[in-house]
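Student: I would like a close look at a single part of this model, taken slowly, with the surroundings of that part described as well. Could you lead me through one helix and then set other parts of the chain beside it?

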Amino acid sequence: MPHVAQSTEADWVSRFADEVIAESERRAPGKPVVVASGLSPSGPIHLGNLREVMTPHLVADEIRRRGHEVRHLISWDDYDRYRKVPAGVPGIDESWAEHIGKPLTSVPAPAGSAYPNWAEHFKAAMVESLAELGVEYDPISQTEMYTSGAYREQILHAMKHRADIDAVLDQYRTKDKATGQPKAKAKQQQKPVDEAELEAAEGSGAAAEDDGSAGAAGYFPYKPYCGVCERDLTTVTAYDDETTELAYTCVCGHSETVLLGEFNRGKLVWKVDWPMRWAYEGVIFEPSGVDHSSPGSSFVVGGQIVRKIFGGEQPIGPMYAFVGISGMAKMSSSKGGVPTPGDALKIMEAPLLRWLYARRRPNQSFKIAFDQEIQRLYDEWDKLQAKVDDGTVLPADAAAHSRAARTAAGELPRTPRPLPYRTLASVVDITAGHDEQTLRILADLDPENPVTSLDETRPRLDRAEHWINTQVPAESRTIVREEPDAEALAALDDTGRESLRLLLAGLDEHWSLDGLTTLVYGVPKVQAGLTPDAKPTPELKVAQRTFFALLYHLLVGRDTGPRLPTLLLAVGQDRVRKLLTV
């Protein structure tokens, strides 16, 4: 089995590209390099599943940049069985349980959907997100492949060699395949896999880890879908290699005899299906999640089956770690409210989301921020952009930035004037998205180079507004006072009164983002007898925090809020004077 040592060097993409190109030239000289991903549209396709696509995409894109022809196949595992009714999906109820066991393309879409079936409904959102992310790929519908008879030769070959397949699988079974009872002695001890990680894998085609079943007639690596109820609750009772005559029964009571040489309503079990496709498509590179990398799992077993049964080779297959959400539990598409790539792209620009996947090696887990952490992520991204622009960026960071900001096909759309995300979020929070007010404030941020149109700040402005409206709790939103807090103003001591007087006296001269930053930090310094540019002492920092809390209380009725310079610009000079004049 091809092995890749994932180096500690940061630019993992180039290292894989080197190895994939060399391996492709060895296996299939002169042919396009083939990399692959598999996605099962069994429910919302989440941000963990996106790593299944982004890992080979980034490698494929690097190979394209080097002038090689490459195909990134995305297999839609839409001929997988519908396993359970997912929680939290609008437009469905428990009546969908009657479809369990049918192919995903035979299950009705949620009520109100514009799509013809379950699989197409959940594919659609991912297709849209992949387009926005700049992912170039060749889609393959497994429903179309199986029902068209494309795999007929491979299916007949697998059935003919079913005893050989069974022998490979039996090396890893920890239960007797006939009785379901634990074996007296397992030949290979399964490495324990965290249950949460297994759940998180549920949007991938291999979640069921099915290796087929054995009845009185023996082991068969093929499952027919029933001709009456359409479900895969079937048992093969007889098969003749010469005539391809196959008999099966179903729990619904139906039984049927068909010619497998002509029959197109069934599929190979997963642990045989995946390696069959590696050989059929000539896949050189395909990653897999940790649930597929333990002894006896589909990637490990597949390496033997592809070689011994189908005469092919296993792809270079790095294991990828799972992706979490900042402030949320691990992702599972069977749970409600699991963020999808589409959800992320509503609050962050495509290059930022690409960067999160590009900058971490596949075996490193990371989190995607839907909470306040998104502001820090954007700050990091903007600092990286500044280093790229001034030529001080480190090579590995430059590579990650380049992979995020553009593909071999060209630059991804970007915001012409990328103001800090936290500033934009604060402004739309305070203005409640009022365009005129927003433009007024943004124009005041840098009076010497004012923003003249909100289009200059889009799409980042729209992403920040969506984040404020959907991710920030109502109790954390900023509501500026309409009238002064007369009681609080009257209760101020001399220090408090003097601090407000100094602030108001400096507003005209300092009315810009940088100017107001200097002013609000400088007021406590002046009060302490220091110059505005003096370095803060521990005592001075306490005085600054006290002053800031006073301003927040008088302006928005809380002890904290958006950055004060932004808040003051947003409130406007006239209203600031009204609320802070003693």
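Tutor: Let us take helix H9, which spans residues 298–308; eight of its eleven residues are buried, so the helix is largely enclosed by the rest of the structure. This is a predicted model, and what follows should be read as a description of that prediction. The buried residues of H9 are Ser298 and Phe299, then the run from Val301 through Gly302, Gly303, Gln304 and Ile305 to Val306. Among the elements that cover these buried residues are helix H6 (162–170), helix H8 (270–281) and strand S11 (288–289).

For a single buried position in another helix, consider Thr431, which is found in helix H14 (residues 421–431). Thr431 has a relative accessibility of 12%, and because buried means under 20%, this residue counts as buried. Once its neighbours within four places in sequence are left aside, Thr431 is in contact with Gln437, Thr438 and Ile441.

The strands offer another view, since an open sheet of three strands has the order S1-S2-S3, with parallel pairing. Strand S1 (33–39) and strand S3 (138–141) stand at the edges, each with a single partner strand, so one side of each has no neighbour in the sheet. From one strand to the next, the twist averages 25°. Strand S2 (residues 70–76) runs parallel to S3, and four bridges join the two; Ile74 stands opposite Pro139, a residue in S3.

Notes
Residues numbered from 1 in each chain as written. Predicted model: local features only at pLDDT ≥ 70, side-chain atom pairs only at ≥ 80, totals over all residues. Heavy atoms only, no water. Pairing = 2+ DSSP bridges. Axes fitted to C-alpha atoms, helices over the stretch in contact; angles between N-to-C directions. Buried < 20%, exposed > 50% of the residue type's maximum accessible area, 1.4 Å probe, protein only. Contact = heavy atoms within 4.5 Å.
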